[in-house]
Amino acid sequence: MPNDAVTVSHRDGVAVITMDNPPVNGLGAAVRNGLRAALEEAARDDTVRALVVTGAGRMFSGGADIREFGQPPPPDVPWLPELINQLEASEKPVVAAIHGVALGGGCEVALGCHVRLATPDTRIGLPEVTLGLLPGAGGTQRMPRLVGVPAALDLIVSGTPVSAAKAAAIGLVDEVVEGDVVEAAVARARALADEGAPIRRTSALEDRLAEARGTPEIFAEFRQSMARRARGFEAPYACVDCVEAAVSQPFADGLAFERARFQELVTSDQSKAQRHAFFAEREVSKIPDVPKDTPAATVAAAAVVGCGTMGGGIAMNFVNAGIPVTVFEVSQAALDTGMAVIRKNYAATVSKGRLTETAMEERLARITTTLDYGDLAEADVVIEAVFEDMALKKEVFGALDAACKPPAILATNTSTLDVNEIASATSRPDKVIGTHFFSPANVMRLMENVRGDRTSPETIATIMTLSKRLGKIGVLVGVCDGFVGNRMLYAYRRQADFLLEEGALPHHVDRVLYDFGLPMGPFAMADLAGLDVGWRIRQGQAATRPKHLRYSTIADRICEMGRFGQKTGAGWYRYEAGSRTPIPDPAIEELIVSISREHGTTRRKIGDQEILERCMYPLVNEGAKILDEGIALRASDIDVIWMNGYGFPRYRGGPMFWADQVGVTTIHDAMRRLHDEHGDWLEPAPLLARLASEGTAFGDL
Ligand code: T1G
C-alpha cells in the first residue's frame with residue numbers, strides 16, 4: 001500500500017493520488033515508492049476507472065529531492081523516469097490537478113499524465129539548469145513534443161517557470177481552472193473514462209517535433225543566441241543537446257541520451273556548486289539569535305533620503321513591491337534630476353515590453369517627493385543614501401531621529417562606514433541597521449544587512465523580511481571596514497594593483513579574471529563604478545594609512561590625471577564616445593612602467609595561474625578572517641554575497657565553496673609562499689591555517 005508520503009482516496013471510480021511530503025512535496029524515495037504502489041494498486045483495482053494526481057498543501061511538487069543527489073541510490077526505489085513512464089503507460093486516464101508550483105520532476109510527473117489542469121496562480125517549469133542539471137525524468141523529451149521546440153528550449157534553458165495562462169497558451173496545460181482543481185480533475189478523468197476516448201500520451205506526440213525537423217538550424221541558432229548568458233556553464237548546452245535528441249531520435253533513445261547526460265551533470269563540480277548556491281541562499285535567513293518567531297514590524301510606508309543613483313534605485317524597489325515611498329532631497333533640482341532618472345529607468349523597462357505604461361505610471365504615482373524631513377514622520381523604514389561622509393551621515397540620522405515616529409527603523413546604505421558610529425547620532429541605536437544595496441539597486445538581488453552592536457532582533461527580523469519582500473536576498477553581516485563584500489574586494493584589488501607594479505598590465509589581469517567567470521576583471525569594473533569614489537575614500541584614509549604597509553599609487557595617479565573611468569571616457573582604459581568597450585591605453589601602460597621604475601622594481605613575466613592565485617587566494621583568505629571574527633555567520637553566506645553582489649560565477653559556488661574545491665591546504669600553502677615573498681597583507685588567516693592543519697574545509701564549519 002502507499003505510504004504516508006502518498007495517500008489515495010477514491011471518488012466514484014476515480015483514484016485521487018496525493019503527494020504529501022512537506023515542505024515542497026519533493027519526489028524523494030518515500031514519494032516515489034508511494035507513487036509506484038498507488039499506480040500498481042489503481043491498475044489492479046477494477047473499481048478504479050481513472051486517476052488524478054495532485055499534491056497536498058501549498059503546491060503540486062517542487063521536484064526531485066535535491067538533497068538526494070550525490071547520495072547512493074536507496075535500494076528497491078524506482079527511478080523517477082521509470083515511474084513517469086509507468087504513469088504515462090496507464091491504460092486508465094490520468095489527470096494532473098496542479099496548484100502552487102510544479103517544478104522540475106514535479107512538472108515531469110505532470111508531463112507524464114494524459115491531461116493537465118492548473119489553477120490560475122500556478123507556476124510551472126523545469127528549473128534544473130539553475131542547479132547545473134537538466135530535466136532528467138523525461139522533461140527534455142516530452143516538453144518539446146507538447147509545446148514545440150522553440151518554447152521547450154526557452155523553458156528548459158532559462159529554467160524560468162511560466163504562469164498558468166502562459167502554460168495554457170503554449171499547450172503545456174490543457175485548462176486553467178478557477179475553484180477546486182482536484183474536483184475539476186476528477187470530473188475530467190471520469191468523463192475521459194466514460195467516453196473511452198483514446199489516451200493522449202505525451203511521449204507519442206510527433207507533430208510538434210515535425211515542425212523542427214524542417215529547420216535543423218534552429219539548434220545552432222539557439223546555441224549562438226545563448227552564448228553570452230550561458231558563458232562558462234555546462235548544463236545549458238547539455239539541455240539543448242537533449243532537446244535536439246528528442247527531434248532526431250525515437251523517444252526511448254532520447255530518454256536514454258537524456259539519462260546519460262544527466263548522470264554526467266549530477267556528479268559535476270558545476271552542479272555541486274549550483275546546488276550549494278541553492279541551499280546557501282535559503283540558509284541566509286536562519287540567524288541563530290533571531291529565531292523564526294521574532295516579531296517583524298509591518299512596513300506599510302517607506303522613505304529614502306537622497307535621490308542619487310543609489311537612492312533612486314532603492315525607491316524603485318519599494319514601489320515595485322507595492323510599498324509607497326517618500327523621497328527626500330536637499331533641493332528641488334536634485335529631486336527633479338533623481339525623479340527623471342527613475343522615470344527613464346522605468347521607460348526603458350516598458351520599451352523592452354517587461355512593464356506596461358500603466359504599471360509604470362502606477363509605480364511612479366507611489367513615489368512622493370519632499371524637501372521636508374517632517375514628511376517622513378509616518379515612514380516605518382527610512383533608508384539613507386547620501387554621500388559617503390561620516391559627518392553628513394550623522395547629521396542626517398540626527399534629523400531623522402527627531403522627525404520619524406519612535407518605532408521607525410533608520411537604515412543606512414553606506415558601503416563602508418561604521419554603522420555603530422552612525423547609530424550613535426540617534427536616541428534609537430536598536431532601530432539602526434545597515435542595508436547595503438548594490439548598483440544598480442533596482443536590479444542587483446543582494447542586500448548586505450549590517451547589524452550594529454545595539455541593533456535589536458526585531459529590527460533585524462524586520463529588515464530580513466523586507467529584503468525578501470523587495471525580491472532581494474538579505475545577508476546579515478557585522479560591522480567592519482567594507483563589511484564582507486567590499487572588504488574581500490579590497491584584498492583582491494590590492495594584489496591586482498601590485499601585480500601591475502611587478503610586470504602585469506590591466507587587460508592581462510582582467511582577461512584572467514574574466515575567463516575565470518567574473519563578469520569583468522578588477523580594472524574594467526573600477527572604470528564602470530567610477531575611480532573617483534574609491535579615490536575620495538583613500539584620500540580620507542591617507543592620514544591614518546599604516547606607513548609600513550605596501551600601498552600602490554597607480555590608481556591615485558590615474559585619478560590625478562582626471563581619468564575617472566567610463567564617465568570621463570578614460571580610466572584604466574580609454575573608451576570611444578558612447579562605447580563601454582575598454583581599450584588598452586599606452587599612456588596608462590607607460591605610467592605603470594614608470595611607477596615600477598620609480599620603485600626600483602624589475603618588471604617580470606607573470607603567468608595566468610599566478611594572476612588568478614594572487615587575486616583570488618587573498619580574497620578567500622580575507623573571507624577566512626571575516627568568519628573568524630564572526631562578521632559573517634557562515635562561509636555559505638559569503639558565497640551568497642559574492643554570487644549576488646559581485647557576479648562570482650554560480651557554477652563555482654562562491655569563493656569559499658570554490659576554495660574547498662581547490663583545497664584549503666593548497667590555498668594555505670600558497671598564501672604562506674606569497675607572504676614569504678611579498679609580505680604585507682598576505683599573512684594566512686588563522687582559520688585557514690587551522691583548517692589546513694586539520695584537513696577540513698569551510699564547508700565543514
Ligand atoms: N529538494 C530538496 N529540498 C527542497 C527542494 C527540493 N527540490 N525545494 C525546496 N526545498 C527545501 C528548501 O531548501 C527549504 O528548506 C524548504 O524546502 C522550503 O523551500 C529529475 C533533476 C519550491 C518554489 O529546482 O524553487 O527535479 O531551508 O524556502 O520560498 O528532472 O523551494 O526550510 O530547510 O525555497 O516557498 C528541481 C527548487 C529539482 C525547485 C518553494 N526543482 N525549489 O519556494 O520555499 S531537480 C527545483 C524551489 C529535479 C528532475 C530534476 C522553491 C519552491 P529549509 P523555500 P519557497
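This passage walks through the ligand site, the nonpolar cores, a small sheet and some backbone details of a predicted model.

Residues are numbered from 1 along each chain as its sequence is written, and side-chain values rest on heavy atoms, with hydrogens and water left out. Because the model is predicted, local features need pLDDT of at least 70 and side-chain atom pairs count only at pLDDT 80 or more, while totals for chains, interfaces and linings use all residues.

A good place to start is the ligand. It is surrounded by 26 residues, of which R58, E108, E128, R282 and K286 are the closest; a residue is taken as near a molecule if one of its heavy atoms lies within 4 Å of it. By residue class, this shell divides into 14 nonpolar, 5 polar and 7 charged. Here Ala, Val, Leu, Ile, Met, Phe, Trp, Tyr, Cys and Pro are nonpolar, Asp, Glu, Lys and Arg are charged, and the others, Gly among them, are polar. Helices α3 (105–112) and α12 (269–283) each supply at least two residues of the shell, and α12 gives the most, with 3 residues. Helices are DSSP runs of H or I with at least four residues, strands are runs of E with at least two, and both are numbered from the N terminus.

The protein backbone also meets the ligand. A backbone N or O atom of G62 lies 2.9 Å from a ligand nitrogen atom, and a polar backbone atom of I66 is likewise 2.9 Å from a nitrogen atom of the ligand. For G105, a backbone N or O atom is found 2.8 Å from an oxygen atom of the ligand. Taken alone, the ligand exposes 1,000 Å², and the protein buries 77% of that; these areas come from the Shrake-Rupley method with a 1.4 Å probe.

Turning to the interior, the largest nonpolar core has 97 residues, and L513, W572 and F698 have the most contacts inside it. Helix α25 (residues 608–628) gives the most to this core, with 10 residues. Apart from it lies another core of 71 residues, including M19, A38, V129 and A167. A nonpolar core is a set of buried Ala, Val, Leu, Ile, Met, Phe, Trp, Tyr and Cys residues joined through side-chain atoms within 4.5 Å.

Next comes a sheet. In it, 3 strands form an open arrangement with mixed pairing, in the order β5-β7-β8; two strands pair if DSSP finds at least two bridges between them. Strands β5 (101–103) and β8 (162–163) stand at the edges with a single partner strand each, so one side of each has no neighbour in the sheet. Between β5 and β7 (residues 123–125), which run parallel, there are 3 bridges, and A102 has I124 in β7 as its bridge partner.

Finally, some backbone details deserve a look. P22 and P23 are joined by a cis peptide bond with omega of about 10°, and P23 sits in the loop between β2 (14–19) and α1 (29–44). The bond from S439 to P440 is also cis, with omega near -5°; P440 lies in the loop between β15 (432–437) and β16 (446–451).

Although not a glycine, D12 has a positive phi of about 55°. D12 is in the loop between β1 (6–11) and β2, and at 59% relative accessibility it counts as exposed. N25, also not a glycine, has a positive phi of about 50° and lies in the loop between β2 and α1. At 2% relative accessibility, N25 counts as buried. Buried means under 20% relative accessible area, exposed over 50% and partly exposed in between, with a 1.4 Å probe and protein chains only.

Note on methods. A polar contact is a pair of N or O atoms within 3.5 Å; within protein, one must be able to donate a hydrogen and the other to accept it, and residues adjacent in sequence count only if both atoms are side-chain atoms.
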